There are 2 protein chains.
Amino acid sequence: MSDRPTLAPEAKRKVLRSIPYGLYVATAAGGDLVAAGTITWLSQASFSPPLIMAAIKVGSRLHAAIDAGGGFALHVVGEAQQDLAAAFLKPTSLEGGTINGLAHEPGPAMGAPILAEFPMWCEVKVVGSVAQGDHTVFVAEVVACGVRDDDARPLALRDTGWTYGG
Amino acid sequence: MSDRPTLAPEAKRKVLRSIPYGLYVATAAGGDLVAAGTITWLSQASFSPPLIMAAIKVGSRLHAAIDAGGGFALHVVGEAQQDLAAAFLKPTSLEGGTINGLAHEPGPAMGAPILAEFPMWCEVKVVGSVAQGDHTVFVAEVVACGVRDDDARPLALRDTGWTYGG
């Protein structure tokens with residue numbers, strides 16, 4: 001830590017863990033790759049055009065599929081769907097035409113896999129990125145969206161007992 | 001919308017407004033500029049090095065001060081401090097050595113103004129950015145942090161009655 005003499009690890013952890021997050025299952029398809037994974041580091045980043053920013057783990061299959069496909073899909077996890085979010089913490093499994101057990105169809109804008117079950121989803125197209133850490137920041141334009149359940153309440157990371165940050 | 005035939009505005013708004021956010025007062029100093037503003041589009045973006053990503057409005061004084069100074073400070077707004085968050089929605093006012101009425105001192109790592117009153121803060125150094133929308137995505141390394149009130153609970157955007165997104 002000699003290059004950051006003022007960065008106390010406990011304070012850093014406390015500040016960074018104070019940030020609230022939702023839970024999202026991200027999917028991408030590109031080349032021969034199909035990948036899916038649960039992520040939490042996500043925020044809107046512009047109104048016009050509508051952009052989001054998402055941090056995706058370097059070296060992950062999801063990262064490789066985003067690189068290959070140029071976009072991805074995000075699914076909002078509903079408050080009763082922690083089991084689904086947990087399923088997508090595991091490696092991507094493609095069996096019987098499903099992704100980790102869920103049916104899917106190609107998204108209308110980018111062809112990213114749109115998964116069944118989740119109450120809301122969007123497809124995004126990457127327009128820029130910053131690769132400086134153990135996650136790459138992808139900035140992406142929202143190009144398609146769907147709402148299947150108007151009354152769904154999103155699951156928050158703090159409701160799960162999980163932590164990711166600090 | 002002819003270039004985005006599948007993007008229904010209502011669905012886009014609903015998906016984007018489902019993302020949870022905190023509230024942060026950002027400050028920056030560079031050249032002759034000192035600026036402060038309340039922001040909400042913020043997430044961690046890497047564990048090692050510790051990075052955050054923040055979307056800052058293009059054309060704002062805060063954006064100009066970050067450009068000039070190469071870093072900024074973030075203050076976590078506590079649950080009883082909505083009035084302070086509101087004060088920093090107004091233009092930056094420098095009177096009597098205060099910023100919008102709050103005392104401050106230079107941060108230990110970047111010299112960004114660290115404001116009194118807030119329960120937690122950090123200083124960050126910009127390491128990359130993406131300028132594609134009406135906000136610039138700044139990716140920045142956390143280089144100093146402070147916790148003044150271990151028991152503070154952060155204010156969430158949804159607790160304020162305000163919206164910023166969609």
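Hi everyone, let me start with one term: two residues are in contact if their C-beta atoms, placed from the backbone, lie within 7 Å. Keep that in mind for the structure above, which is a predicted model.

First, a look at chain A by itself. Chain A has four helices and eleven strands. Along the principal axes, its C-alpha atoms fill a box of roughly 50 × 35 × 30 Å. Is that what we'd call a compact globule? Let's put it another way: what radius of gyration does chain A have? The value is 16 Å, which agrees with the figure near 15 Å for a compact globule of 166 residues. Of those 166 residues, 52% count as buried. And if we take the contacts in chain A with a separation of 6 or more, 67% of them come from residues 24 or more positions apart.

Now let's bring in the partner. How many residues of chain A are in contact with chain B? There are 50, and they touch 50 residues of chain B. On the chain A side, helix H1 (9-17) and strands E3 (42-46), E4 (51-57), E10 (120-130) and E11 (135-147) each supply at least two residues. E11(A) gives the most, with nine residues. By class, this side of chain A has 33 nonpolar, 13 polar and four charged residues.

Finally, how do the copies relate? A turn of 180° with a shift of 0.0 Å along the axis lays chain A on chain B with an RMSD of 0.0 Å. The two copies are therefore related as by a two-fold rotation axis. Also, 100% of the interface residues of chain A are interface residues in chain B too, so the copies meet through the same surface. Thanks for listening!

How values were computed
Residues are numbered from 1 along each chain as its sequence is written. Chains are lettered from A and ligands numbered from 1 in the order in which they are written. This is a predicted model: local features need pLDDT of at least 70, side-chain atom pairs count only at pLDDT 80 or more; totals for chains, interfaces and linings use all residues. The radius of gyration is taken over C-alpha atoms; the globule rule is 2.2 Å times the number of residues to the power 0.38. A residue is buried if 20 or more other C-beta atoms lie within 10 Å of its own, exposed if 12 or fewer, and partly exposed in between; C-beta atoms are placed from the backbone. Ala, Val, Leu, Ile, Met, Phe, Trp, Tyr, Cys and Pro count as nonpolar, Asp, Glu, Lys and Arg as charged, and the others, Gly among them, as polar. Copies are superposed by least squares on the C-alpha atoms of residues with pLDDT of at least 70 in both.
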